[in-house]
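Trainee: I would like to go through this model step by step, starting with the backbone and then the packing.

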Amino acid sequence: MSRYEFMARNQDDTEHLARALAERLPSGSVVALDGDLGAGKTTFSKAFGKAMGVEGIINSPTFTIIKEYEGRTRPFFHMDVYRISPAEAEDLGLDEYFYGEGITLVEWAKLIEELLPEERLHITIEHGEGDQRQFRMEPVGKRYEEVCAQLEDLEGWKL
């Protein structure tokens, strides 16, 4: 399995990466997003949704667990599973989102890892100095490998 890294110097770089991924991921994709509190998961998610054409405010689904948005050409499903157990998550019928026509982004994905599709793009965000963020991406599956390979021209990207 390949690993890719991206160093975001600031919030603009984080948003640029989110846009680049949103433009390239095919329908039915799942992005598993992890990182410490304040690492930038929600900032990344908001930029991702905006790049998909979501109008209006995108906010964290911390208490609602799942938010559904209409994008320009397909739905965007934003999940935050920080406050639920794997058993509770299983009762939510997540498969309908994971294997649907939209793109699903799951914050705190490691908490429900056993419920995630085998193939997915796993992104871990770590704090750097100041506003810097280190993104580690692990594509699992051919479509995710192909998407990551398409990003190699972004400044800050490395294999």
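Trainee: In which loop is W108 found?

Mentor: This is a predicted model. Phi of W108 is near 65°, a positive value in a residue other than glycine. Most residues other than glycine have a negative phi. W108 is found in the loop between β5 (103-107) and β6 (120-127).

Trainee: Does W108 count as buried or exposed?

Mentor: Buried means under 20% relative accessible area. W108 has 10% relative accessibility, so the residue counts as buried.

Trainee: Where is I65, and what is its phi?

Mentor: I65 sits in the loop between α2 (41-51) and β3 (66-70). At 12% relative accessibility, I65 counts as buried. Its phi is positive although the residue is not glycine, with a value near 75°.

Trainee: Which helix gives the most to the largest nonpolar core?

Mentor: That core has 52 residues, and L17, L21, F44, F48, I123 and M137 touch the most other members. The helix that gives the most, with five residues, is α1 (residues 11-24).

Trainee: Which residues does L17 touch, leaving out those up to four places away in sequence?

Mentor: L17 is one of the residues that touch the most other core members. With sequence neighbours up to four places away not counted, L17 touches F6, F44, F135, M137, L151, L154 and W157.

Trainee: How is α1 placed relative to α2: parallel, perpendicular or oblique?

Mentor: The axes of α1 and α2 come within 8 Å and cross at roughly 45°. Angles under 35 degrees count as roughly parallel and 65 to 115 as roughly perpendicular, so neither word applies here. This makes α1 oblique to α2.

Terms used. Residues are numbered from 1 along each chain as its sequence is written. This is a predicted model: local features need pLDDT of at least 70, side-chain atom pairs count only at pLDDT 80 or more; totals for chains, interfaces and linings use all residues. Side-chain values use heavy atoms; hydrogens and water are left out. A nonpolar core is a set of buried Ala, Val, Leu, Ile, Met, Phe, Trp, Tyr and Cys residues joined through side-chain atoms within 4.5 Å. Buried means under 20% relative accessible area, exposed over 50%, partly exposed in between (1.4 Å probe, protein chains only). Helices (H or I, at least four residues) and strands (E, at least two) are DSSP runs, numbered from the N terminus. Contact means heavy atoms within 4.5 Å. Axes are lines fitted to C-alpha atoms, for helices over the stretch in contact, and angles run from 0 to 180 degrees between N-to-C directions. Angles under 35 degrees count as roughly parallel, over 145 as roughly antiparallel, 65 to 115 as roughly perpendicular and the rest as oblique.
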